[in-house]
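Hi,

Here is the structure I promised to pass on to you. Have a look at it first, and then read on for what turned up.

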Amino acid sequence: MQDATELLAIAVEIVREAGKTARRMREEGVSGVATKSTDTDVVTAADRAVERQVVETLRVRRPRDVVLGEEYGASGATGEVRWILDPIDGTVNYLYDLPQYAVSLAAEVDGQVVAGVVHNPATGAEWTATLGGGAHRDGRRLRGSPATDLGQALVGTGFGYDPARRVHQAGVLHGLLAHIRDIRRFGSASVDLCMAAEGQLDAYYEKGLNPWDHAAGGLVATEAGLLVGGLSGAPPGLDMVVAAPPALFKPLHDRLVELDAAGGP
Ligand code: IPD
């Protein structure tokens, strides 16, 4: 039996230390910049160093657990707990010294995320959640936006790195923009989800997210009272992640279905 509060405490300790590494390496000047899936999909020495640091710490503290990280994939035993890590979510922001990036770490037990933390080393902002225990920022309980009208909603989104996918995402945006208050693209999915949990965004959607992008932030949003799902009853995943307060979820969901937002490359 795994205690979510204990797993969260470990995660918080680990991301704070990892965040110090990310911040120090940013202050020293970004190094080791390379590209991954496409020419715009970047990775830096800091992404790799932070992931190594977290994996090594978990290896010592939780030797039986599995770790899935963005840069090095899955490693470890086949234990009950799987940690899901994005060492730097918002790498492009990190590269440009824009303070919207985070170390995101979630603990999953039997396929369900039970604890998550999103820590922004640049601003010190930290969002946490445990399954059934609510979502918090700096001890303050989060409850999402009270918005009920999609036409007045500030909606966050993000774009993938594949040019063909971006063309499709631009088409979706084209169909959505006239039906919402406005759109925001901040560049870090985990932070976007936490902003929706705080009510700094009324809702958020994105196609193409990997588990490390949304595992921790998704729990924060859910525990803040938002509905987090995919389209047409699918779970949140690669096809689509939508996070919205109950009154906004269906109208946003239906508009995204109409625009075939989960389709395309
Ligand atoms: C990216 C960010 C971005 C989102 C992309 C993600 P990364 O993660 O979360 O906001 O739009 O889809 O891939 O590459 O910075 O870890």
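Before the helices, a word on how the angle is taken: axes are lines fitted to C-alpha atoms, for helices over the stretch in contact, and angles run from 0 to 180 degrees between N-to-C directions. Please also keep in mind that this is a predicted model.

With that in hand, start at helix 1 (residues 4-27) and helix 2 (residues 45-61). Their axes come within 9 Å and cross at roughly 150°. Angles over 145 degrees count as roughly antiparallel, and helix 1 and helix 2 are therefore roughly antiparallel to each other. As for the hand of the crossing between helix 1 and helix 2, it is right-handed.

Next come some strands. Strand 3 (residues 66-69) pairs with strand 4 (residues 73-76) in the antiparallel sense, over four bridges. The link from strand 3 to strand 4 is a hairpin of three residues. If you want a pair to click on, Val67 has Ser75 of strand 4 as its bridge partner. Strand 3 also pairs with strand 5 (residues 81-89), here in the parallel sense and again over four bridges. In that pairing, Val66 stands opposite Arg82 of strand 5.

Further along the chain there is an open sheet. Five strands make it up, in the order 12-11-13-15-14, and the pairing is mixed. At the edges are strand 12 (182-184) and strand 14 (227-229), each of which pairs on one side only. From one strand to the next, the twist averages 20°. Within this order, strand 11 (residues 154-156) and strand 13 (residues 203-206) run parallel and are joined by two bridges. Gly156 is the residue to find there, standing opposite Tyr204 of strand 13.

Now for the ligand. Which residues are closest to it? They are Asp89, Thr91, Gly158, Gly187 and Ala189, out of 15 residues that surround the ligand. By type, the shell divides into seven polar, five charged and three nonpolar residues. And where does the ligand lie with respect to domain 1 and domain 2? Domain 1 (4-139) and domain 2 (150-258) both contribute residues to the shell, so the ligand lies between them.

If you open the model, I would begin with the ligand shell and then work outwards to the strands and the helix pair. Happy to talk it through whenever suits you.

Best wishes

Terms used
Residues numbered from 1 in each chain as written. Predicted model: local features only at pLDDT ≥ 70, side-chain atom pairs only at ≥ 80, totals over all residues. Pairing = 2+ DSSP bridges. Near = placed C-beta within 6 Å. Nonpolar A, V, L, I, M, F, W, Y, C, P; charged D, E, K, R; others polar. Domains from an automatic or database assignment. Parallel < 35°, antiparallel > 145°, perpendicular 65-115°, else oblique. Left-handed = near helix turned anticlockwise from the far one by under 90°.
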